[in-house]
Every structure is written in structure tokens, then in C-alpha cells.
Amino acid sequence: ATPGVVYSSAPQNSTSLPTVHEVIANGTVMLPDLHLDIHVYSDIPEDRFVFINMSKQRENSQLTEGPVVKEILPEGVILEYQGTSFLLTRD
């Protein structure tokens with residue numbers, strides 16, 4: 001962990017998270033298609049942002065579709081919706 005940074009919960013290992021396609025396919029969540037259009041990762045959290053369905057989002061922002069952007073990672077973005085966390089990647 002970074003000195004001086006307090007995590008509200010332990011950082012999640014993105015490889016253990018299901019993808020958005022998996023949680024929709026198995027019926028865990030009901031969501032419209034989510035597309036990661038632009039993905040900008042930086043070591044500086046304030047510089048990270050994504051465009052999901054052509055809407056600019058930052059960490060802790062909520063999409064109009066419902067999910068909250070929990071964390072922007074080098075490989076994609078962790079979203080949380082109705083208590084379920086999942087990974088949205090560019091594909």
C-alpha cells in the first residue's frame with residue numbers, strides 16, 4: 001500500500017472479478033450493453049478517466065445506466081452495481 005493512502009477496503013484483484021459479460025450472462029445483474037470507448041490510466045488517480053457509452057467517468061462516479069466506477073486499472077475498469085463488482089475491459 002502507498003504510505004499515507006487509506007483504503008476503505010483492500011484493493012481488489014481484478015483477475016478474480018467476473019467480466020461485465022459474465023455477470024449479465026449468468027443473470028447476476030440486468031444491464032444494457034456497456035462499452036469502454038476511451039480508457040486513460042495514470043499512476044496518478046486524479047488523471048484517470050474513462051468514457052463508457054460515450055460518457056466521461058472518473059473513479060467513484062455513477063453511470064446513468066446505474067453502475068459506479070470503483071477503480072480504473074491498467075487493464076480496464078472495476079464497476080459495482082447492486083453489490084456486485086465486475087470488470088469492464090476494452091474488447
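R90 is exposed in this predicted model, at 53% relative accessibility. Exposed means over 50% relative accessible area, buried means under 20%, and partly exposed lies in between, with a 1.4 Å probe and protein chains only. R90 sits in the segment after β6. Leaving aside neighbours within four places in sequence, R90 is in contact with L36, D37 and H39. Contact means heavy atoms within 4.5 Å. R90 and L36 are 54 residues apart in sequence, yet their C-alpha atoms are 5.5 Å apart in space.

This is a predicted model: local features need pLDDT of at least 70, side-chain atom pairs count only at pLDDT 80 or more, and totals for chains, interfaces and linings use all residues. Residues are numbered from 1 along each chain as its sequence is written, and side-chain values use heavy atoms, with hydrogens and water left out.

**Overall layout**

The chain has one helix and six strands. From the N terminus on, the order is α-β-β-β-β-β-β. Helices (H or I, at least four residues) and strands (E, at least two) are DSSP runs, numbered from the N terminus. Of the 91 residues of the chain, 34% count as buried. The chain exposes about 5600 Å², and carbon and sulfur atoms supply 51% of that area. Accessible areas come from the Shrake-Rupley method with a 1.4 Å probe; for residues, only the protein chains shown count as cover. Among contacts between residues at least 6 apart in sequence, 37% join residues at least 24 apart.

**Strand pairing**

Two strands pair if DSSP finds at least two bridges between them. The table lists three antiparallel pairs.

| Strands | Sense | Bridges | One bridge pair |
|---|---|---|---|
| β1 and β2 | antiparallel | four | L36 and I52 |
| β2 and β3 | antiparallel | three | V50 and Q57 |
| β4 and β5 | antiparallel | five | V68 and E80 |

Strand β1 covers residues 36-40. A hairpin joins β4 to β5 through two residues. The hairpin of β2 and β3 also has two residues between its strands, and there N53 takes a positive phi near 50°.

**Two asparagines with positive phi**

N53 is not a glycine, yet its phi is positive, at about 50°. N53 lies in the loop between β2 and β3 (55-57). N53 is partly exposed, with a relative accessible area of 25%. N60 is likewise not a glycine and has a positive phi of about 75°. N60 is found in the loop between β3 and β4. At 59% relative accessibility, N60 counts as exposed.

**The nonpolar core**

In soluble globular proteins, nonpolar side chains tend to be buried together. Here the largest nonpolar core has 16 residues. Such a core is a set of buried Ala, Val, Leu, Ile, Met, Phe, Trp, Tyr and Cys residues joined through side-chain atoms within 4.5 Å. The residues with the most contacts inside this core are L34, I52, V69, V77, L79, F86 and L88. Five elements each supply at least two core residues: α1 (20-25), β2 (49-52), β4 (68-73), β5 (76-81) and β6 (84-88). β5 gives the most, with three residues.

V77 has a long contact list. Not counting residues up to four places away in sequence, V77 touches L36, I52, V69, E71, I72, F86, L87 and L88.

T84 is in strand β6. T84 is buried, with a relative accessible area of 18%. Beyond its neighbours within four places in sequence, T84 is in contact with V23, T28, V29 and L79.

**Around F49**

F49 counts as buried, at 19% relative accessibility. A pair of aromatic rings is described by the distance of the centres and the angle of the planes. Rings of Phe, Tyr and Trp (its six-membered ring) pair if their centres lie within 6.5 Å; planes under 30 degrees apart count as stacked, over 60 as edge-to-face and the rest as tilted. By this rule there is one aromatic pair. The rings of F49 and F51 have their centres 6.1 Å apart and their planes at 75°, so the pair is edge-to-face.

F49 also has a charged partner. The charged end of K56 sits over the ring of F49, 4.5 Å from its centre. A charge sits over a ring if NZ of Lys or CZ of Arg is within 6 Å of the ring centre and within 35 degrees of the ring normal.
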